[in-house]
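This report describes side-chain interactions and the surroundings of selected residues. The sequence and structure come first.

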Amino acid sequence: MSAPPELPPLVSAALSLSGRRGFVSSTRNETGRLLATLAASKTGLLGELGTGCGVGSAWLRSGAGEGTNIVTAESDPQLAKAVAELFAADERIEVVSADWTALIERGPFALLFVDAREAKLSARDIIADVVEPGGFVVLDDFTPSPVWPPMYEGRVDTLRQEWLMDKRFTTVEVMVAPDAAVLLATRH
(Lines give C-alpha, C1' and ligand atoms only; values in the text may rest on other atoms or scores of the structure.)
Protein backbone atom coordinates (compact mmCIF):
# COMPACT_ATOMS: atom_id res chain seq x y z
CA MET A 1 0.00 0.00 0.00
CA SER A 2 1.42 3.35 -1.02
CA ALA A 3 -0.79 5.52 1.19
CA PRO A 4 -2.06 5.45 4.75
CA PRO A 5 -5.36 3.57 5.11
CA GLU A 6 -7.10 6.44 6.92
CA LEU A 7 -9.52 8.44 4.83
CA PRO A 8 -10.46 12.11 5.20
CA PRO A 9 -13.78 12.39 7.10
CA LEU A 10 -15.65 13.91 4.14
CA VAL A 11 -14.47 11.06 1.89
CA SER A 12 -15.63 8.52 4.48
CA ALA A 13 -19.03 10.22 4.61
CA ALA A 14 -19.34 10.15 0.80
CA LEU A 15 -18.33 6.49 0.70
CA SER A 16 -20.95 5.77 3.36
CA LEU A 17 -23.60 7.49 1.23
CA SER A 18 -22.38 5.47 -1.74
CA GLY A 19 -22.79 2.23 0.22
CA ARG A 20 -26.29 3.17 1.40
CA ARG A 21 -27.29 4.01 -2.17
CA GLY A 22 -25.83 0.79 -3.59
CA PHE A 23 -23.56 2.85 -5.82
CA VAL A 24 -20.77 0.53 -6.96
CA SER A 25 -18.69 2.78 -9.18
CA SER A 26 -17.33 5.41 -6.79
CA THR A 27 -13.94 7.00 -7.29
CA ARG A 28 -11.23 4.62 -6.12
CA ASN A 29 -9.14 5.72 -3.16
CA GLU A 30 -5.99 5.59 -5.29
CA THR A 31 -7.54 7.99 -7.79
CA GLY A 32 -8.92 10.08 -4.96
CA ARG A 33 -5.49 10.56 -3.41
CA LEU A 34 -4.22 11.73 -6.81
CA LEU A 35 -7.16 14.17 -7.06
CA ALA A 36 -6.39 15.53 -3.58
CA THR A 37 -2.72 15.98 -4.48
CA LEU A 38 -3.54 17.81 -7.71
CA ALA A 39 -6.18 19.96 -5.97
CA ALA A 40 -3.56 21.02 -3.43
CA SER A 41 -1.53 22.56 -6.26
CA LYS A 42 -4.37 24.72 -7.61
CA THR A 43 -6.42 27.75 -6.64
CA GLY A 44 -9.56 28.92 -8.35
CA LEU A 45 -12.36 26.69 -9.56
CA LEU A 46 -12.21 22.90 -9.54
CA GLY A 47 -14.96 20.91 -11.23
CA GLU A 48 -16.32 17.42 -11.43
CA LEU A 49 -18.45 16.23 -14.32
CA GLY A 50 -20.55 13.42 -12.83
CA THR A 51 -20.95 13.67 -9.06
CA GLY A 52 -22.32 10.24 -8.27
CA CYS A 53 -22.32 10.08 -4.47
CA GLY A 54 -19.72 12.83 -4.11
CA VAL A 55 -16.63 10.72 -3.50
CA GLY A 56 -14.55 12.49 -6.17
CA SER A 57 -15.60 15.93 -4.92
CA ALA A 58 -14.82 14.92 -1.35
CA TRP A 59 -11.32 13.90 -2.43
CA LEU A 60 -10.88 17.19 -4.29
CA ARG A 61 -12.00 19.09 -1.19
CA SER A 62 -9.61 17.12 1.03
CA GLY A 63 -6.69 18.58 -0.90
CA ALA A 64 -8.06 21.99 -1.87
CA GLY A 65 -6.51 24.99 -0.16
CA GLU A 66 -7.83 28.47 0.53
CA GLY A 67 -9.04 30.33 -2.53
CA THR A 68 -10.38 27.16 -4.11
CA ASN A 69 -14.01 26.30 -4.79
CA ILE A 70 -15.50 23.10 -6.18
CA VAL A 71 -18.57 22.73 -8.37
CA THR A 72 -19.95 19.35 -9.35
CA ALA A 73 -22.89 18.29 -11.54
CA GLU A 74 -25.15 15.28 -11.06
CA SER A 75 -28.00 14.50 -13.47
CA ASP A 76 -30.01 12.38 -11.00
CA PRO A 77 -31.99 14.96 -8.94
CA GLN A 78 -32.43 12.69 -5.91
CA LEU A 79 -28.75 11.81 -5.82
CA ALA A 80 -27.76 15.47 -6.31
CA LYS A 81 -29.99 16.41 -3.35
CA ALA A 82 -28.43 13.73 -1.13
CA VAL A 83 -24.90 14.87 -2.04
CA ALA A 84 -25.82 18.54 -1.54
CA GLU A 85 -27.01 17.62 1.96
CA LEU A 86 -23.73 15.78 2.57
CA PHE A 87 -21.74 18.91 1.63
CA ALA A 88 -24.18 21.44 3.15
CA ALA A 89 -21.74 22.53 5.89
CA ASP A 90 -19.02 23.37 3.36
CA GLU A 91 -19.68 26.58 1.46
CA ARG A 92 -16.79 25.87 -0.90
CA ILE A 93 -18.56 22.91 -2.57
CA GLU A 94 -21.57 23.48 -4.82
CA VAL A 95 -23.66 20.61 -6.14
CA VAL A 96 -25.61 21.37 -9.31
CA SER A 97 -28.57 19.14 -10.09
CA ALA A 98 -28.08 18.98 -13.84
CA ASP A 99 -26.34 17.20 -16.67
CA TRP A 100 -22.56 17.72 -16.84
CA THR A 101 -23.01 20.26 -19.63
CA ALA A 102 -24.43 22.75 -17.10
CA LEU A 103 -20.91 23.28 -15.75
CA ILE A 104 -19.40 24.31 -19.08
CA GLU A 105 -20.42 27.94 -18.67
CA ARG A 106 -18.85 28.01 -15.18
CA GLY A 107 -15.23 27.75 -16.37
CA PRO A 108 -12.42 28.33 -16.63
CA PHE A 109 -11.40 25.44 -14.41
CA ALA A 110 -8.03 25.00 -12.78
CA LEU A 111 -8.78 21.27 -12.51
CA LEU A 112 -11.59 19.28 -14.08
CA PHE A 113 -12.34 15.70 -13.03
CA VAL A 114 -14.22 14.13 -15.93
CA ASP A 115 -16.21 11.31 -14.37
CA ALA A 116 -19.32 11.32 -16.57
CA ARG A 117 -19.11 8.69 -19.30
CA GLU A 118 -20.72 10.91 -21.94
CA ALA A 119 -18.22 13.70 -21.26
CA LYS A 120 -15.29 11.29 -21.50
CA LEU A 121 -16.49 9.95 -24.82
CA SER A 122 -17.46 13.12 -26.64
CA ALA A 123 -16.39 16.33 -24.95
CA ARG A 124 -12.63 16.69 -25.44
CA ASP A 125 -13.07 19.86 -27.53
CA ILE A 126 -15.44 21.40 -24.99
CA ILE A 127 -13.13 20.46 -22.13
CA ALA A 128 -10.17 22.03 -23.91
CA ASP A 129 -12.11 25.30 -24.08
CA VAL A 130 -13.07 25.41 -20.38
CA VAL A 131 -9.79 24.38 -18.70
CA GLU A 132 -7.39 27.22 -18.10
CA PRO A 133 -3.83 27.06 -19.46
CA GLY A 134 -1.80 24.96 -17.04
CA GLY A 135 -5.01 23.41 -15.71
CA PHE A 136 -5.45 19.69 -15.15
CA VAL A 137 -7.96 17.28 -16.63
CA VAL A 138 -8.31 13.90 -14.90
CA LEU A 139 -10.14 10.96 -16.51
CA ASP A 140 -10.39 7.73 -14.52
CA ASP A 141 -11.52 4.14 -14.94
CA PHE A 142 -8.95 2.96 -17.46
CA THR A 143 -7.30 -0.45 -17.47
CA PRO A 144 -3.51 -0.02 -17.77
CA SER A 145 -2.16 -0.61 -21.26
CA PRO A 146 1.55 -1.39 -21.65
CA VAL A 147 1.51 -1.13 -25.46
CA TRP A 148 1.11 1.45 -28.19
CA PRO A 149 -1.39 2.02 -29.50
CA PRO A 150 -3.23 1.52 -26.19
CA MET A 151 -5.41 -1.56 -26.18
CA TYR A 152 -8.50 -2.55 -24.23
CA GLU A 153 -10.24 -5.91 -24.60
CA GLY A 154 -8.26 -6.73 -27.75
CA ARG A 155 -9.07 -3.47 -29.56
CA VAL A 156 -7.36 -0.11 -29.92
CA ASP A 157 -8.63 2.19 -27.17
CA THR A 158 -9.33 5.19 -29.38
CA LEU A 159 -10.54 7.36 -26.50
CA ARG A 160 -7.25 6.97 -24.66
CA GLN A 161 -5.25 7.31 -27.88
CA GLU A 162 -7.00 10.58 -28.81
CA TRP A 163 -6.32 12.11 -25.37
CA LEU A 164 -2.68 11.03 -25.44
CA MET A 165 -2.17 12.55 -28.91
CA ASP A 166 -4.18 15.78 -28.55
CA LYS A 167 -1.75 18.68 -29.13
CA ARG A 168 -3.74 20.98 -26.80
CA PHE A 169 -2.66 18.86 -23.84
CA THR A 170 0.35 17.11 -22.45
CA THR A 171 -1.18 13.84 -21.28
CA VAL A 172 0.15 10.82 -19.44
CA GLU A 173 -1.42 7.56 -18.38
CA VAL A 174 -0.79 7.08 -14.65
CA MET A 175 -1.20 3.65 -13.09
CA VAL A 176 -2.85 4.20 -9.70
CA ALA A 177 -3.17 0.47 -8.93
CA PRO A 178 -2.18 -2.72 -10.76
CA ASP A 179 -5.63 -2.83 -12.37
CA ALA A 180 -6.42 0.89 -12.67
CA ALA A 181 -5.08 3.88 -14.54
CA VAL A 182 -6.07 7.50 -15.03
CA LEU A 183 -5.25 9.94 -17.78
CA LEU A 184 -3.74 13.14 -16.44
CA ALA A 185 -3.71 15.98 -18.97
CA THR A 186 -2.36 19.50 -18.62
CA ARG A 187 -3.82 22.18 -20.89
CA HIS A 188 -1.30 24.18 -22.98
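In this predicted model, Asp125 and Arg168 form a salt bridge whose closest N and O atoms are 2.8 Å apart. The pair connects distant parts of the chain: Asp125 belongs to helix α6 (residues 124–130), while Arg168 is in the loop between α7 (158–165) and β8 (169–177), and 43 residues separate them. Arg168 has a relative accessibility of 26% and so counts as partly exposed, since the partly exposed class runs between 20% and 50%.

The Asp125–Arg168 salt bridge belongs to a network in which Arg124, Asp125, Glu162, Asp166 and Arg168 are joined by salt bridges that share partners. Within this network, Asp166 is placed in the loop between α7 and β8. Asp166 has a relative accessible area of 9% and is therefore buried, the limit for that class being under 20%. A polar contact of 2.7 Å runs from the side chain of Asp166 to the side chain of Arg124.

**Salt bridges**

Side chains of opposite charge can pair when their charged atoms come close. How many salt bridges does the rule give? The count is 14. The table lists some of them, with the distance between the N and O atoms.

| Acidic residue | Basic residue | N to O distance |
|---|---|---|
| Glu94 | Arg106 | 2.4 Å |
| Asp125 | Arg168 | 2.8 Å |
| Asp157 | Arg160 | 2.8 Å |

The side chains of Glu94 and Arg106 meet at 2.4 Å, N to O. This pair also links distant parts of the chain, with Glu94 in strand β3 (residues 93–97) and Arg106 in the loop between β3 and β4 (109–114), twelve residues apart. Glu94 is partly exposed because its relative accessible area is 35%, and Arg106, at 32%, is partly exposed as well. In the salt bridge between Asp157 and Arg160, by contrast, both Asp157 and Arg160 are buried.

**Aromatic rings and charges**

Which kind of arrangement does the aromatic pair adopt? The search of the whole structure finds one such pair. The ring centres of Trp163 and Phe169 are 5.0 Å apart and the planes meet at 50°, so the pair is tilted; that angle falls between the limits of 30 degrees for stacked and 60 degrees for edge-to-face. Trp163 and Phe169 are both buried.

Phe169 also has a charged residue over its face: Arg187 lies there, at 5.9 Å from the ring centre. Lys42 has a similar placement over the face of Phe136, at 4.7 Å from the ring centre.

**Surroundings of Thr72**

Thr72 is part of strand β2 (residues 68–74). Is Thr72 buried or exposed? Its relative accessibility is 0%, so Thr72 counts as buried.

Apart from neighbours within four places in sequence, the residues in contact with Thr72 are Glu48, Thr51, Ser57, Glu94, Val95, Val96 and Leu103. One of these, Thr51, is joined to Thr72 by a polar contact of 2.5 Å between the side chains. Another, Glu94, is the residue that forms the salt bridge with Arg106. Gly52 is 20 residues from Thr72 in sequence, and the C-alpha atoms of Thr72 and Gly52 are 9.5 Å apart in space.

Conventions. Residues are numbered from 1 along each chain as its sequence is written. This is a predicted model: local features need pLDDT of at least 70, side-chain atom pairs count only at pLDDT 80 or more; totals for chains, interfaces and linings use all residues. Side-chain values use heavy atoms; hydrogens and water are left out. Helices (H or I, at least four residues) and strands (E, at least two) are DSSP runs, numbered from the N terminus. Buried means under 20% relative accessible area, exposed over 50%, partly exposed in between (1.4 Å probe, protein chains only). Contact means heavy atoms within 4.5 Å. A polar contact is a pair of N or O atoms within 3.5 Å; within protein, one must be able to donate a hydrogen and the other to accept it, and residues adjacent in sequence count only if both atoms are side-chain atoms. A salt bridge is a side-chain nitrogen of Lys or Arg within 4 Å of a carboxyl oxygen of Asp or Glu. Rings of Phe, Tyr and Trp (its six-membered ring) pair if their centres lie within 6.5 Å; planes under 30 degrees apart count as stacked, over 60 as edge-to-face and the rest as tilted. A charge sits over a ring if NZ of Lys or CZ of Arg is within 6 Å of the ring centre and within 35 degrees of the ring normal.
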